[in-house]
Amino acid sequence: MAYEELKKIIDESDNIVFLGGAGVSTESGIPDFRSETGLYSAKQKYGYPPETLLSHSLFMKKPELFYKYYKENLICTEAKPNNAHYALAKLEEMGKLRAIATQNIDNLHQMAGSKNVYELHGSVYRNNCMRCGKYFDLEAMLDLGEGVPKCPECGGLIKPDVVLYEEGLNDYVWGNAVKYISRADVLIVGGTSLVVYPAAGLVNYYRGDKLVLINKSETAFDSHADLVIHDAIGKVLKEVVLDRY
């Protein structure tokens, strides 16, 4: 059985890295942009597709529209970690998991207890004034009221630490993700269809022994994997990790 094989792979390694996507967070109630019921219906409500609404250009030209969409769709303060997050935190605590590289911006891995997390697309929980650089956590940013948040000290526009379309990934984050993946013995890829680049390209840096793919649907990398499980990541990791360690 695939679950037994995954358990054996985990048992035999203390150099595992996890690469995760939106499917890790959907089980916590956070929408997946690319699902049929996801946020790609945005064009009807906001007049633009998400790629435009979440672009650097629109943020600079129409911050009111950007923040309307951003606050209504990307901030989910009620979301809590699910079994996948807790299982990965447990593996790290056990000394088996070395790092997490995630495409998600929701901070749920950290909430579950994971320490070495590289957020490829940033986080809604960090915000900075573009003029004076003052830092605002999510609560402080939301406390500034509705509309476009402005810095109370200098009046500058506050920007979330989220990688927008037209922006590049953070070099430090990317570099560490590449480092850990290229040195891992086991790479577990979960909750991602591996279609979003450059994040999906991280799989190409892997040189280890066991590539494991856990995703509800097929991916272009399935034929290259040593183990493929088409199921919800939280369900799989609960049974393989939380129920057995």
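**Helix packing, sheets and internal spaces in a predicted model**

In helix α7, the residues Asn83, Ala84, Tyr86, Ala87, Leu88, Lys90 and Leu91 meet Ile233, Gly234, Leu237, Lys238, Val241 and Leu242 of helix α11. By class, this contact of α7 with α11 comprises 9 nonpolar, 2 polar and 2 charged residues. The model is a predicted one, and the values reported here are computed from its atoms. Two packed helices are described by the angle between their axes and the distance between the axes. For α7, which spans residues 83-93, and α11, which spans residues 233-242, the axes come within 8 Å and cross at roughly 40 degrees, and the crossing in which α7 passes α11 is left-handed.

Strands of a sheet pair through backbone hydrogen bonds, either parallel or antiparallel. Both kinds of pairing are represented in the model, beginning with an open sheet of 6 strands in the order β3-β2-β1-β7-β8-β9, where the pairing is parallel. The edges of this sheet are held by β3 (117-119) and β9 (227-229), each of which has a single partner strand, so one side of each is left without a neighbour in the sheet. On average, and with direction ignored, neighbouring strands of this sheet are turned by 15 degrees against each other. Within the sheet, strand β1 (residues 16-20) runs parallel to strand β2 (residues 97-102) and is joined to β2 by 5 bridges, with glycine 20 standing opposite threonine 102 in β2. Helix α1 (residues 2-11) packs on this sheet, where α1 touches β1, β7 (186-190), β8 (210-214) and β9, and the direction of α1 makes about 130 degrees with that of β9. Helix α10 (residues 171-183), for its part, lies across β1, β2, β3 and β7 and runs at about 130 degrees to β3.

A further open sheet consists of 3 strands in the order β5-β4-β6, with antiparallel pairing. Here β5 and β6 stand at the edges with a single partner strand each, so one side of each is left without a neighbour in the sheet. From one strand to the next, the twist averages 35 degrees. Helix α6 (residues 63-73) packs on this sheet, touching β4 and β6, and its direction makes about 45 degrees with that of β6. Strands β4 and β6 run antiparallel and are joined by 5 bridges; glycine 122 stands opposite valine 162 in β6, while the bridge partner of serine 123 in β6 is aspartate 161. On the other side of the pairing scheme, 3 bridges join β4 to strand β5 (residues 135-137), again in an antiparallel arrangement, and asparagine 128 has tyrosine 135 in β5 as its bridge partner. Strands β4 and β5 form a hairpin with 5 residues between them, and in the turn glycine 133 has a positive phi of about 85 degrees.

Two further backbone features lie in loops. Most residues other than glycine have a negative phi, and most peptide bonds are trans. Glutamate 166, a residue other than glycine, has a positive phi near 85 degrees and is found in the loop between β6 and α10. The peptide bond from tyrosine 197 to proline 198 is cis, with omega near 10 degrees, and proline 198 is found in the loop between β7 and β8.

Strand β4 also takes part in the lining of internal and open spaces. The structure holds 1 cavity of 30 Å³ or more, and the volume of the largest cavity is about 50 Å³. Its lining is made up of Leu74, Ile75, Cys76, Ala79, Asp106, Leu108, Met111, Val124, Tyr125 and Leu138, to which α8 (108-112) and β4 (122-129) each supply at least two residues. By class, this lining has 9 nonpolar, no polar and 1 charged residues.

The second largest pocket encloses about 160 Å³ of space and is lined by 16 residues, of which Glu119, Gly122, Arg126, Asp161 and Asn170 lie nearest its centre. The elements that give two or more residues to this lining are β3, β4 and β6 (158-162), and the largest share, 3 residues, comes from β3. The lining residues of the second largest pocket divide into 7 nonpolar, 5 polar and 4 charged.

Definitions and conventions. Residues numbered from 1 in each chain as written. Predicted model: local features only at pLDDT ≥ 70, side-chain atom pairs only at ≥ 80, totals over all residues. Heavy atoms only, no water. 1 Å grid on protein atoms, 1.4 Å probe; cavity = no way out; pocket = protein on both sides within 12 Å on 5 of 7 lines; lining within 4 Å. Points joined across faces, edges and corners; volume = space filled by probe spheres on them. Helix = DSSP H or I, 4+ residues; strand = E, 2+ residues; numbered from the N terminus. Nonpolar A, V, L, I, M, F, W, Y, C, P; charged D, E, K, R; others polar. Pairing = 2+ DSSP bridges. Axes fitted to C-alpha atoms, helices over the stretch in contact; angles between N-to-C directions. Contact = heavy atoms within 4.5 Å. Left-handed = near helix turned anticlockwise from the far one by under 90°.
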